[in-house]
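User: Please take a close look at the part of this model that faces the DNA, and then place it within the chain as a whole.

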Amino acid sequence: MENREVAKNLYEIADFLEIKGVPFKPRAYRRAAKTIETLLEDIGTIYRRGELKKIPSVGASIASKIEELLETGSLGYLEELREELPEGLRDLMEIEGIGPKTALKLYEKLKISSIDELESAARQGKISRLEGFGAKTEENILRGIELYRSAQERVLLGYILPVAQGIEDRLKSFEGAARISLAGSIRRRRETIGDIDIVAVSEEPLKVMDFFTEMPEVKKVLMKGATRSSVLLSSNLQVDIRVVEKESFGAALQYLTGSKEHNIRLRDLAVDKHWKLSEYGLFDRETDERIAGETEEDIYQALGLSYIEPELRENRGEIDAALEQRLPDLVKYTDMKGDLHVHSNWSEGAHSIGEMAEAAKSLRYEYIAVCDHTKTLQIAHGMNENNIRERNKEIERLNREKEGITMLSGVEVNIDSNGKLDISNEVLKDLDVVVASVHSGFKQPKEKMTKRILTAMHNDYVDIIGHPTGRIINKRAEYQIDLPKIFEAATELGVILEINAFPDRLDLSDTNLFESRSYGVRFSINSDAHNKDHMRYVELGVATARRGWLEKKDIINTLTLEELKKQLS
DNA sequence: GCCGTTTTCGGCCCGACTGTTTTCAGTCG
């Protein structure tokens, strides 16, 4: 049984206990589930070592339940809960505004135990007639159901970031607001985003709220107060804003940036010092004296931590690292000197090599590698050996003509189902950059897929493995692949792994990268651009690398052209 | 149910908004 499945069972217990009104236990189960879900090691392996109780948040009781799950595949305690309460009650809590208390009441009074039943009861006006409920609640439930059904998937960071930055810029230009910042998961640059959070400082909060709720793209105002407001955009995206006083800005920004787990640990640290941390500041518990709050830096410093970049705030060890002053020196967004995987109109790209080069210049790059698709990828007009030779002549000509940018000749060659490449070594050996990727046979078993990629890595001319896991966020799972083996081989053979920065790929992912750190792998952050506008996606790749704790030295395309050429030869 | 350099028992993050109530419970972030 996989870690994720064990965690799922524990989450289910937490939900049931919460509905039953049991105090504290739900949080204990949830904490354990969260830890197990994000564990790098297989829980079965830990169990066989007899070290379940060494997992943080797992004690004797949860350990024995995990044991039962691993040994028998099911869990008596959970079965009992399932008999006591219908499973659908958990679905009800997915609806905005419905928590454990409401879910239980709906079940007890109206026998509602699924979202469909909830919808029909609301439509018949049965809910507004219940004590403690009213017409507004019923309306909200119906809207919540609609939202639940339309917004099942979180939105890709790459699509939402420009929208959020647009709103941020407009608020900044509004004179009533003194300071504005994005917060929440978008500031942490998570790969998918649920909603947009904004923090503002203003002397006149109500004016900011008016401006905010009257933006043209607002479809519905969900709530509006002097300190908080929420709106729904016509795109069904929710945007929340908090307005605070100047001396609380850092505290509010810190609090709203999260993550929740990170914040809980911070508050624990504050409690240890007899302080309390809220979105208004860090205060002495007894005297209420303000210790910090105007900037995030002050708060982290007061708690004895070095400043933690938002991308790291996931409670993956960053707090302990900050306590011991051993946080990584993260790669910066401005460190990138080139892009080693872009397409041109020689395959499925929309723009010519010259146009791509101009776009690269405007990003202040020193170089780009034109890595068009190769012949077996018919759908993308893949090049054969002759096309490649011809195209290389064009690259040579452009390099003589253009100043300030160097175009490297490359391909994105296909790795066939046995690990062979679809372009001969004769041609590969004359190219500057060879990216090798899997574009077919995604469903191969783990061993075969791993061997297939290892075989490609052993080809002397392969420089980079493209989008190593093949996942498409929200659409296609990663292929079955033994990443530790790939990491080992990459270090040993000097093959670079790609951090593909396309918004729906981000492959390798932040957690993959985090896991790779002990292997000493080097990476290339590539846009995989299919037109010149896509080249800015490298920013998303840098965000992913930062979330994976990577430093400049880990990323090969932070090197100057001269340094890079030495590495590739 | 977990946890502990103050603890093996007694705590467990904190505050705003809504809706339904006349003072607050529930939910959310």
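Analyst: What follows starts at the DNA surface and works outward to the rest of the chain.

This is a predicted model, in which local features need pLDDT of at least 70, side-chain atom pairs count only at pLDDT 80 or more, and totals for chains, interfaces and linings use all residues. Residues are numbered from 1 along each chain as its sequence is written, while chains are lettered from A and ligands numbered from 1 in the order in which they are written.

Start with the DNA. DNA strand B is surrounded by 40 residues. A residue is near a strand if its C-beta atom, placed from the backbone, lies within 6 Å of it. The closest residues are G59, G99, G134, M223 and G225. Several elements give two or more residues to this surface. They are the helices α2 (25-37), α4 (60-72), α7 (100-110), α9 (135-150) and α14 (260-272), with the strands β5 (218-224) and β8 (275-278). Helices (H or I, at least four residues) and strands (E, at least two) are DSSP runs, numbered from the N terminus.

The surface near DNA strand B has 14 nonpolar, 14 polar and twelve charged residues. Here Ala, Val, Leu, Ile, Met, Phe, Trp, Tyr, Cys and Pro count as nonpolar, Asp, Glu, Lys and Arg as charged, and the others, Gly among them, as polar.

Now follow β5 away from the DNA. Strand β5 runs antiparallel to β6 (residues 228-233), and five bridges join the two. Two strands pair if DSSP finds at least two bridges between them. V218 has L233 in β6 as its bridge partner. A hairpin through three residues connects β5 to β6. Strand β6 also runs antiparallel to β7 (residues 238-244), again through five bridges. V231 faces V239 across this pair. The β6-β7 hairpin has four residues between its strands, and N236 in the turn has a positive phi of about 70°.

V239 also leads inward. I198 is in contact with V239, and with E168, L171, I180, L182, A183, D240 and I241, leaving aside neighbours within four places in sequence. Two residues are in contact if their C-beta atoms, placed from the backbone, lie within 7 Å. I198 belongs to the largest nonpolar core, which has 120 residues. I198, A200, I368, I453 and F523 touch the most other members. Another core, of 31 residues, lies apart from it and includes A33, V58, I95 and A121. A nonpolar core is a set of buried Ala, Val, Leu, Ile, Met, Phe, Trp, Tyr and Cys residues joined through C-beta atoms within 7 Å. A residue is buried if 20 or more other C-beta atoms lie within 10 Å of its own, exposed if 12 or fewer, and partly exposed in between; C-beta atoms are placed from the backbone.

The core residue I368 points to a second sheet. I368 in β12 stands opposite D339. G338 has Y367 in β12 as its bridge partner. Three bridges join β11 to β12 (residues 367-373), and the two run parallel. The sheet is open, with seven parallel-paired strands in the order β11-β12-β13-β14-β15-β16-β17. Its edge strands, β11 (338-342) and β17 (523-526), each pair on one side only. Five of the five residues of β11 are buried, so β11 is largely enclosed by the rest of the structure.

Some backbone details deserve a check. Most residues other than glycine have a negative phi, and most peptide bonds are trans. The peptide bond from G258 to S259 is cis, with omega near -5°. S259 sits in the loop between α13 (249-257) and α14. A second cis bond joins D507 and L508, with omega about 5°. L508 is in the loop between β16 (496-500) and α22 (510-516). R189 has a positive phi near 60°, and lies in the loop between α11 (184-187) and β3 (192-193). R189 is buried, with 21 other C-beta atoms within 10 Å. W549 has a positive phi of about 70°, and is buried with 23 C-beta neighbours inside 10 Å.

Last, the whole chain. Chain A has 24 helices and 17 strands. Of its 569 residues, 43% count as buried.
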